[in-house]
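User: Please take a close look at how far the second chain can be trusted and how its strands are placed, and then set that beside the other chains. I would like one connected account rather than a list.

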Amino acid sequence: MMIGTALMVALGLGNAAGAGLTIDVQVIEASNNGDSPGAQSVAIRDLGATLSYKSFRTLSSEQRVLAVGEGTDLFLPDGAVAHISALGVEEKKRNRTVRLRVRIEQGQESLDTEYSVRNGGTVFVSAGKRATGDSVLVLAIAPHLK
Amino acid sequence: MPPPCHVSGLELSRYRDRELSSANLAELEKHVEGCGSCQLRLADSAVLSRLLGAQFLQAEHALPPGFARGVMARLPQPPPTLIATLRAWLPPRRALTLGLVGVAAAASLAIVFAPSLRNQDDHLQETTENEAQIHSIEVTSPDRSAMVFESAEGNTVIWMVPSTDEDGGQATPAEP
Amino acid sequence: MTPSDEVDRQLVARVLGGEREAFADLVKRHQTRVFALARSLLRNQADAADIAQEAFVRAYGNLRRYRAEGSFTAWIAKITNNLAIDFLRRQKIQASTELTDDLPEPGEGHAGTLASQVPADPQTATLRRELGAELERALGRLPEKHRAILILREIDGLSYQELSEALEIPVGTVMSRLFHSRVKMQEILREYLDGSHPAPVTKPIVKDRE
């Protein structure tokens with residue numbers, strides 16, 4: 001981790017302070033009940049081809065605008081909360097990546113992760129079980145640089 | 001049976017596609033409102049559109065997983081940059097974190113080469129296509145842990161699995 | 001230019017500016033339509049996937065020739081169509097008999113029969129499957145040129161002008177070819193529905209008017 005940072009500094013990389021970005025967040029319910037309704041988003045089709053749940057539906061689709069260093073909260077069904085923070089941006093000609101921290105809390109359980117993903121790239125994060133039935137929530141998170 | 005109508009099928013087809021002038025569209029709109037024959041013919045067109053649309057959804061599901069990744073893999077590769085060539089000589093990043101000697105060597109290497117690398121557009125932690133680079137994951141749970149794997153389209157999935165799951169590989173989780 | 005065309009134009013500009021991964025975004029925006037077109041022409045999953053991928057590879061290689069004032073959708077559709085036709089020729093697959101221009105319109109007595117026989121919302125998986133299979137067979141009976149224009153219009157929503165560019169035919173030919181494709185498809189589906197598959201009685205889509 002230290003070496004990575006040292007190299008990044010040496011190479012003139014680092015956080016592009018002041019950079020703004022939009023985070024697209026889809027809250028998707030994956031379940032073994034029923035059929036997936038109607039036309040599906042790119043994210044759901046990807047999940048459908050990856051996971052063996054029978055149906056997927058988008059519960060909500062939001063956009064949050066953040067500056068680097070800022071965070072935002074999403075209140076999910078059944079009392080879960082997702083905190084998403086924009087930690088940094090690397091602006092390069094071929095690879096623009098965004099570093100995010102995603103923390104999901106549900107009751108006494110939590111998942112806390114930091115990752116870098118390319119501009120516009122989607123990461124799916126498990127967001128807890130629903131209170132009833134055997135369905136689960138998945139967040140599809142994609143940052144878009146301005 | 002509605003009375004026969006003077007509007008040709010071709011004209012009705014253009015009307016349905018909204019490929020007429022505004023004046024003609026408005027005129028035909030008014031005609032269709034009161035013409036049973038046109039309405040029935042349009043209804044048949046609507047059925048065909050609906051069936052084709054539904055079939056299209058089937059085709060969607062049949063799009064092979066990893067299609068986009070396959071396209072990118074077939075694209076001509078850009079010429080290797082200096083960083084990429086240099087990286088081929090350096091040990092893997094994990095190994096660099098072990099030992100002060102390795103740290104010092106890598107830092108000095110970076111300093112020596114920094115000026116000429118500054119204009120390169122790659123970096124040592126290049127993310128390939130959709131794959132995210134996970135820096136850390138912490139799970140607080142009595143009975144679950146996290147697993148990272150790749151989706152069908154090459155996106156990263158961070159998934160919670162029961163801690164008793166002994167399959168530590170990249171298997172796709174089935175059910176909770 | 002539509003908002004969607006504008007997004008495509010910006011992605012193309014980014015790719016030409018050196019952002020290779022922006023092309024992946026372009027692929028994802030159009031992959032389903034391109035694949036659907038290839039599949040409708042080639043009738044084979046594996047071949048369709050190969051041709052569809054090749055269409056994007058060709059587009060990438062010729063991106064500098066793409067004219068931003070036209071729609072990327074029409075452009076990639078043209079590439080896909082040409083590749084598919086070339087493939088069929090190489091396979092020496094004979095083109096289906098052309099539909100003639102003097103194809104009669106359905107008689108007045110037939111109008112509305114499709115609407116009254118096809119359930120607005122097929123409830124059972126069996127019925128959905130049967131209708132789907134019959135539609136595939138019906139599409140297979142159309143000549144490739146007519147299949148292509150029908151899919152490009154009905155699924156991709158290309159305008160007549162875009163169809164003209166994609167298929168390199170005059171707009172007048174677009175109109176007539178599209179019309180005849182629809183007539184033929186409806187005729188084939190009526191034959192099926194009038195045959196051994198009695199559909200459940202449902203409300204017609206269009207109510208009778210006095």
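Analyst: **Chain B in its setting**

Within chain B, the mean confidence falls to its lowest value, 38, in helix 7 (residues 100-117) of chain B, and reaches its highest, 93, in helix 2 (residues 22-33) of chain B. This is a predicted model, and those two values are best read beside the figures for the whole chain: chain B has an average pLDDT of 69, with 59% of its residues scoring at least 70. One stretch of chain B with pLDDT below 50 covers residues 92-128, and it makes 52 contacts in the model beyond near neighbours in sequence. Residues 164-176 of chain B likewise have a pLDDT below 50, and for that stretch the model has 14 contacts beyond near neighbours in sequence. For the complex as a whole, the predictor gives an ipTM of 0.85 and a pTM of 0.49.

The strands of chain B can be followed into two sheets that also hold strands of chain A. One of them is an open sheet of five strands, in the order 3(A)-4(A)-5(A)-6(A)-1(B), and its pairing is antiparallel. Its edges are taken by strand 3 (71-75) of chain A and strand 1 (133-140) of chain B; each has a single partner strand, so one side of each is left without a neighbour in the sheet. Direction ignored, neighbouring strands here are turned against each other by 15° on average. Where the two chains join in this sheet, strand 6 (residues 109-118) of chain A and strand 1 of chain B are paired antiparallel through seven bridges. A particular pair can be named at this junction: A:Leu111 has B:Val139, in strand 1 of chain B, as its bridge partner.

The other sheet is also open, but it has six strands, ordered 2(A)-1(A)-8(A)-7(A)-3(B)-2(B), and its pairing is mixed. Strand 2 (55-67) of chain A and strand 2 (144-150) of chain B are its edge strands, each of them pairing on one side only. From one strand to the next, the twist averages 25°. Helix 2 (residues 42-50) of chain A packs on this sheet and touches strands of both chains, namely strand 1, strand 2, strand 7 (123-129) and strand 8 (136-145) of chain A, along with strand 3 (156-162) of chain B. The direction of helix 2 of chain A makes about 45° with that of strand 1 of chain A. Strand 1 (residues 20-31) of chain A is in turn joined to strand 2 of chain A by twelve bridges, the two strands running antiparallel. In that pairing, A:Leu21 has A:Leu66 as its bridge partner in strand 2 of chain A.

As chain A supplies strands to both sheets, its confidence belongs in the same picture. The mean pLDDT of chain A is 80, and 80% of its residues reach 70 or more. Its lowest confidence lies in helix 1 (residues 2-10) of chain A, with a mean of 42, and its highest in strand 5 (residues 97-106) of chain A, at 93. Residues 1-17 of chain A have a pLDDT below 50, and this stretch has 30 contacts in the model beyond near neighbours in sequence.

Chain C completes the setting. Its mean pLDDT is 78, with 75% of residues reaching 70 or more, and confidence within it is lowest in helix 5 (residues 113-117) of chain C, at a mean of 70, and highest in helix 3 of chain C, at 91. The pLDDT stays under 50 over residues 100-104 of chain C, a stretch with four contacts beyond four places in sequence, and also over residues 196-210 of chain C, with 24 such contacts. Six residues of chain C are in contact with six residues of chain A, and on the chain C side of that contact five residues are charged, one is polar and none is nonpolar.

Within chain C, helix 3 (residues 45-61) and helix 4 (residues 72-90) have axes that come within 9 Å and cross at roughly 130°; these two helices of chain C are therefore oblique to each other, and their crossing is right-handed. Among the residues that meet there are C:Ile51 and C:Ala55 of helix 3 of chain C and C:Leu83 and C:Phe87 of helix 4 of chain C. By class, this contact between helix 3 and helix 4 of chain C has nine nonpolar, one polar and three charged residues.

Key: Residues are numbered from 1 along each chain as its sequence is written. Chains are lettered from A and ligands numbered from 1 in the order in which they are written. This is a predicted model: local features need pLDDT of at least 70, side-chain atom pairs count only at pLDDT 80 or more; totals for chains, interfaces and linings use all residues. Two strands pair if DSSP finds at least two bridges between them. Helices (H or I, at least four residues) and strands (E, at least two) are DSSP runs, numbered from the N terminus. Axes are lines fitted to C-alpha atoms, for helices over the stretch in contact, and angles run from 0 to 180 degrees between N-to-C directions. Two residues are in contact if their C-beta atoms, placed from the backbone, lie within 7 Å. Ala, Val, Leu, Ile, Met, Phe, Trp, Tyr, Cys and Pro count as nonpolar, Asp, Glu, Lys and Arg as charged, and the others, Gly among them, as polar. pLDDT is the predictor's confidence in each residue, from 0 to 100. Angles under 35 degrees count as roughly parallel, over 145 as roughly antiparallel, 65 to 115 as roughly perpendicular and the rest as oblique. A crossing is left-handed if the near helix is turned anticlockwise from the far one by less than a right angle, and right-handed if clockwise.
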